[in-house]
Amino acid sequence: MEFIDLQAQYRIMRDPVNRAIQEVLDSSRYINGPWVKELETVLARFVGVGHAVGFSSGTDALLAILMAWGIGPGDEVITSPFSFIATAETIALVGARPVFVDVSPDTLNLDPELIEAAITSRTKAIMPVSIFGQCADFDAINAVAAAHGLLVLEDACQSFGATYKGRRSCGVTSAAATSFFPAKPLGCYGDGGMAFTQEAELAQRLRIIREHGQIEQYRHTMLGINGRLDTLQAAILLAKFPFFEGEIQARLKVADRYATLFASKVRIPEIRSENISVFAQYTVRITDRERVRAAMSSAGIPTAIHYPTPLHRQAVFASLGYGDEALPQATLAAREVMSLPMHPYLTSEQQDQVALVLLQAVA
Ligand SMILES: Cc1ncc(COP(=O)(O)O)c(C=O)c1O
């Protein structure tokens with residue numbers, strides 16, 4: 001059994017994907033080919049925002065947005081300690097200080113109630129993460145941000161396709177960044193990402209930053225990066241996109257079935273009523289995780305830990321000086337979380353097998 005079965009997906013999409021790759025090869029337009037612009041148009045429409053800017057990864061999209069906002073040394077950005085490293089890494093890369101605020105115990109997303117107390121005169125932005133495919137509490141977060149004149153950047157690297165009160169992830173904050181890493185809900189065949197915003201001026205700055213701060217060939221007006229989305233990846237994503245809605249529905253079916261199979265015996269992901277998650281991960285909570293995980297492994301069932309160490313306990317952020325007592329929910333979650341196989345092509349039989357072993361192990 002695969003944790004995420006990219007082979008099964010490729011078997012279904014093989015013809016359109018191969019055709020798309022061949023078209024790019026025939027054109028030889030590997031950098032800034034027309035597929036990039038087309039993908040930006042298609043995905044901006046899907047999200048419901050005015051502008052999408054392709055990037056070489058989700059990390060570069062996050063970084064470029066912070067750069068475009070002029071966030072840097074002396075500034076603080078409030079974010080979640082329960083995420084992948086890129087979330088806080090990009091804040092530190094622009095020279096700003098990540099300020100960690102604890103997560104809600106049900107969703108493991110930033111707890112909006114705790115944000116206000118972390119705001120200082122140096123705070124410039126809030127970067128909530130829509131973890132595991134479920135949107136953060138954006139009305140509450142946007143309200144705190146508006147009251148204090150702060151920008152909001154959704155780290156939507158796990159939540160492309162999800163909805164919050166009927167609006168798509170990536171379209172509910174000042175700006176957002178998603179990832180097309182192969183294992184993501186909408187994945188390409190390498191690295192890729194995209195930034196989204198309603199603001200034309202921000203989108204323009206992002207396009208300049210993406211190309212070494214260049215406004216026309218060899219004229220550089222600001223510091224940028226080599227952050228372009230590969231034409232090949234854009235063409236692959238365009239070929240895969242028509243399958244995406246169906247895949248989201250299939251993920252929801254898998255999640256529903258897991259919930260039924262586990263009944264009240266396993267602490268399953270809690271999805272708030274205003275959210276439709278895309279289940280980038282199906283992450284349960286287990287108190288004696290290592291023993292259960294070993295049992296799963298001996299039965300040939302792959303699991304993963306997202307994430308074993310919260311960001312405030314990563315060596316790279318030791319100098320920020322956070323102890324575990326400061327962020328108890330993130331600390332506890334890191335000890336208990338375990339992600340199960342989750343992808344649109346997981347069969348009922350495979351799910352039964354996962355449930356059989358897990359329920360035996362936790363009994
Ligand atoms: C929450 C989160 N933020 C940022 C990233 C970075 O995305 P990428 O790997 O495309 O740089 C990822 C994915 O890996 C992620 O899960």
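This report describes the ligand site, the largest pocket and the cavities of one structure. The structure is a predicted model.

**The ligand and its shell**

The ligand is surrounded by 15 residues, of which G58, T59, D155, S179 and K184 come nearest. By class, this shell around the ligand consists of eight polar, five nonpolar and two charged residues. Two helices, α3 (58–68) and α4 (86–93), each contribute at least two residues to the shell.

Three of the nearest residues, G58, D155 and S179, are listed below with the distances from their atoms to atoms of the ligand.

| Residue | Protein atom | Ligand atom | Distance |
|---|---|---|---|
| G58 | backbone N or O | oxygen | 2.8 Å |
| D155 | polar side-chain atom | nitrogen | 2.7 Å |
| S179 | polar side-chain atom | oxygen | 2.7 Å |

On its own, the ligand has 390 Å² of accessible area, and the protein covers 93% of that area. At G58 the atom concerned belongs to the backbone, whereas D155 approaches a ligand nitrogen through its side chain. S179 likewise places a polar side-chain atom beside the ligand, at 2.7 Å from an oxygen.

**The largest pocket**

Where does the ligand lie with respect to the pockets? The space that the ligand takes is the largest pocket. This pocket contains about 410 Å³ of space. Its lining comprises 25 residues, and F84, C157, S179, F181 and K184 are the closest to the pocket centre. S179 and K184 thus appear in two lists: they are among the residues that come nearest to the ligand, and they are among those closest to the centre of the largest pocket.

Twelve nonpolar, ten polar and three charged residues make up the lining of the largest pocket. The helices α3 and α4, which supply residues to the ligand shell, also each supply at least two residues to the lining of this pocket. The largest share of the lining, three residues, comes from α3.

**The cavities**

Apart from the pocket, the interior of the model was examined for cavities. Three cavities of 30 Å³ or more are present in the structure. The largest cavity has a volume of about 170 Å³. Seventeen residues line the largest cavity, and those closest to its centre are D106, F132, P269, E270 and T283. The lining of the largest cavity divides into eight nonpolar, five polar and four charged residues.

Terms used
Residues numbered from 1 in each chain as written. Predicted model: local features only at pLDDT ≥ 70, side-chain atom pairs only at ≥ 80, totals over all residues. Heavy atoms only, no water. Near = heavy atom within 4 Å. Polar contact = N/O pair within 3.5 Å; in protein donor to acceptor, adjacent residues only side chain to side chain. Areas by Shrake-Rupley, 256 points an atom, 1.4 Å probe, with all protein chains shown as cover. 1 Å grid on protein atoms, 1.4 Å probe; cavity = no way out; pocket = protein on both sides within 12 Å on 5 of 7 lines; lining within 4 Å. Sits in = over half its atoms within 2 Å of the grid points. Helix = DSSP H or I, 4+ residues; strand = E, 2+ residues; numbered from the N terminus. Nonpolar A, V, L, I, M, F, W, Y, C, P; charged D, E, K, R; others polar. Points joined across faces, edges and corners; volume = space filled by probe spheres on them.
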